[in-house]
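User: I am new to this structure and would like a close look at a single part of it. Please take me through that part slowly, and then show me what surrounds it.

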Amino acid sequence: MSSIISIFLKEKISKENFFDFLIHMGGYKQSIGNLEQGVLESGDSTIWLYYRGESFNLDNEELFELNNIIQDAKTEIAIEISSEDGSSLLAKDFCEKISQQFGTLALYNEEGIFFKSKDINKALYIE
């Protein structure tokens, strides 16, 4: 079963910059109806990436927690991680590279827990 995490970035990134970055990483853009998603694959491992921009779907308590890690985050990207071995490592690689390119990030997992970028392994359940 796949899992979904969100990453929040301090810097504002346009949808075009997001897809350019993904393509530079070796991924590709896919359109399904009105939905545009990014796909990054390595062997059997796959992650799907969804640009959400500034439309965070967080309640006040979650926004408060996010602001404790990143003041005024500007961009959200959702990552759906396949259950195949190595997919979490692919997501980790994406998170590290986008953080290097665009600055500080926070991660938010399916359990409703926020993590700082230094805790990527915990957020993605990587031992």
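Analyst: In this predicted model, the hairpin of β3 and β4 has 2 residues between its strands, and glycine 43 takes a positive phi there, near 60°. The two strands of the hairpin run antiparallel and are paired over 5 bridges, with leucine 40 standing opposite isoleucine 47 in β4. On from the hairpin, β4 is also joined to β5, again in the antiparallel sense, by 6 bridges, and in this second pairing tryptophan 48 stands opposite glutamate 80 of β5. As a general point, the side chains of a regular strand alternate between the two faces of the sheet.

These strands also meet a helix, since β3 (35–42), β4 (45–53) and β5 (75–81) are among the elements that cover the buried residues of α1, as are β2 (28–32) and α3 (87–102). The residues of α1 (residues 15–24) that are buried are Phe18, Phe19, Phe21 and Leu22. Viewed down the helix axis, these buried residues fall within an arc of 155°, so they line one face of α1. The face turned away from that buried side carries Glu16 and His24, which are exposed. After α1 comes glycine 26, another residue described by its backbone angle, with a positive phi near 100°.

Technical notes
Residues are numbered from 1 along each chain as its sequence is written. This is a predicted model: local features need pLDDT of at least 70, side-chain atom pairs count only at pLDDT 80 or more; totals for chains, interfaces and linings use all residues. Side-chain values use heavy atoms; hydrogens and water are left out. Buried means under 20% relative accessible area, exposed over 50%, partly exposed in between (1.4 Å probe, protein chains only). Helices (H or I, at least four residues) and strands (E, at least two) are DSSP runs, numbered from the N terminus. The arc is that of the directions from the helix axis to the C-beta atoms. Contact means heavy atoms within 4.5 Å. Two strands pair if DSSP finds at least two bridges between them.
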